[in-house]
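Q: Could you take a close look at one strand of this protein for me, and then set it in the context of the whole chain? I would be glad of the cut-offs along the way.

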Amino acid sequence: MSWRVWACDTKTGQKLAILPAESFPWTNVLNGAGQGSAGFQLGVPFVGAGFPWRDLCEPIKRTLVIEWDGSPVYAGILWDWNYDHDARTLSVNHADIWSILSKRLVSALNAAGIEATKVEHASYSLWRLARASVEAGTSGGANFALPIFYQGWTGGGESRTYHGYHLPRVLESLQAIMNTDGGPDVVFDPRWSTDGSKLEYLMRDGVDTSPGLEYNLSAPRKEIFGVKVTRDANNVANVVIGTGEGTEVKLTTRSATDPATPYPAIVKTVAFGTEPDLGVLQRNTDAELVASKAPVEQWSAKIHASADQRVTLLKLGRRVRFYSKGDPMIPDGYHTHRIIQYSGDLADVVSLEFQAVGG
């Protein structure tokens with residue numbers, strides 16, 4: 001069991017070649033862009049003369065995938081590279097599929113002028129809205145297509161309208177939907193196609209439906225190690241004012257207050273772009289209050305990629321239970337968290353970050 005790095009076609013996902021990486025640090029992040037880099041020593045015997053390095057590392061055109069024991073763990077679109085001729089070394093930077101969604105629009109392109117276009121979504125669930133934004137940004141012809149597959153959806157009572165004159169980007173739309181009260185976590189899981197020939201992404205709600213992982217912090221021998229806990233109140237607020245469309249006296253605002261706060265009044269203002277709907281603006285403000293009214297407690301730890309609960313079992317949003325007894329800062333009993341980030345390189349150690357469920 002070991003790491004292996006593939007170069008794939010970004011538009012189709014087609015596997016192209018295995019690359020002999022000297023380093024490949026990568027990071028997966030819940031609800032946001034993961035990224036990394038890679039280093040290669042060109043001319044090594046593994047690949048031989050004439051290996052098409054330049055084509056396989058062409059920015060945007062190529063995506064790099066790191067797999068463990070045949071299963072993709074991270075996929076990053078290559079955005080730039082630097083080559084040292086004397087040393088024959090190549091270094092590249094890559095970022096996951098969120099990076100290209102930041103460069104796509106929700107509104108349809110129109111030769112007559114995008115400013116007059118309008119995209120309307122009605123009677124959707126929040127998850128369906130998120131999916132619809134990505135679908136809109138990946139339709140419009142072969143150059144817009146990406147190998148994304150989608151978790152199913154149901155209807156709901158949510159509606160959104162996107163005006164072309166706002167030039168709404170897919171990433172901005174996703175962020176607004178995720179930040180709405182009750183909004184979904186969004187994950188793009190890389191995977192190989194059924195026949196193993198192509199890279200695919202499964203866009204899914206980050207709600208964990210699989211059996212959770214469990215770790216006993218009090219056991220003499222542990223699969224998890226390097227556990228650290230932080231509790232941060234720098235972003236706490238119990239009064240939130242959200243702003244939307246308009247300027248000066250025509251600026252639309254909504255507020256949310258936590259009447260049961262144990263803290264003195266702390267006010268936060270949050271801009272929600274050009275949101276015109278007061279109901280949506282209120283829900284966004286309410287969600288910001290929920291996220292801000294208590295300190296954030298995050299845990300971090302490390303595992304071995306080759307452990308029984310190996311790196312391929314890690315999924316963003318997956319629940320993890322820790323058991324502790326007799327620790328001065330961690331209360332006795334079980335503590336349920338979810339994975340919000342994990343990262344690694346070509347070594348056996350993988351670093352994880354967790355957030356308390358409900359925290």
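A: Let's begin with a term: a residue is called buried when its relative accessible area is under 20%, exposed when it is over 50%, and partly exposed in between, using a 1.4 Å probe and protein chains only. By that rule, 45% of the 359 residues in the protein chain are buried. Please keep in mind that this is a predicted model, where local features need pLDDT of at least 70 and side-chain atom pairs count only at pLDDT 80 or more, while totals for chains, interfaces and linings use all residues. Residues are numbered from 1 along each chain as its sequence is written, and side-chain values use heavy atoms, with hydrogens and water left out.

Now to the strand itself, β11, which covers residues 158-163. Helices (H or I, at least four residues) and strands (E, at least two) are DSSP runs, numbered from the N terminus. The side chains of β11 alternate: E158, R160 and Y162 are buried and point to one face, whereas S159, T161 and H163 point to the other face and are not buried. Its neighbour is β9 (residues 118-124), which runs antiparallel to β11 and is joined to it by five bridges; two strands pair if DSSP finds at least two bridges between them. R160, one of the buried residues of β11, is the bridge partner of H121.

Stepping back, the protein chain has five helices and 22 strands in total. Of its contacts with a separation of 6 or more, 67% link residues 24 or more positions apart, a contact being heavy atoms within 4.5 Å. The radius of gyration, taken over C-alpha atoms with a globule rule of 2.2 Å times the number of residues to the power 0.38, is 23 Å, which agrees with the value near 21 Å for a compact globule of 359 residues. Along the principal axes, the C-alpha atoms fill a box of roughly 70 × 70 × 40 Å.

Two loop residues also deserve a glance for their backbone. N31, in the loop between β4 (26-29) and β5 (35-41), has a positive phi of about 65° although it is not a glycine; its relative accessibility is 25%, so N31 counts as partly exposed. I60, in the loop between α1 (53-56) and β6 (62-68), is not a glycine either, yet has a positive phi of about 70°. With a relative accessible area of 42%, I60 is partly exposed.
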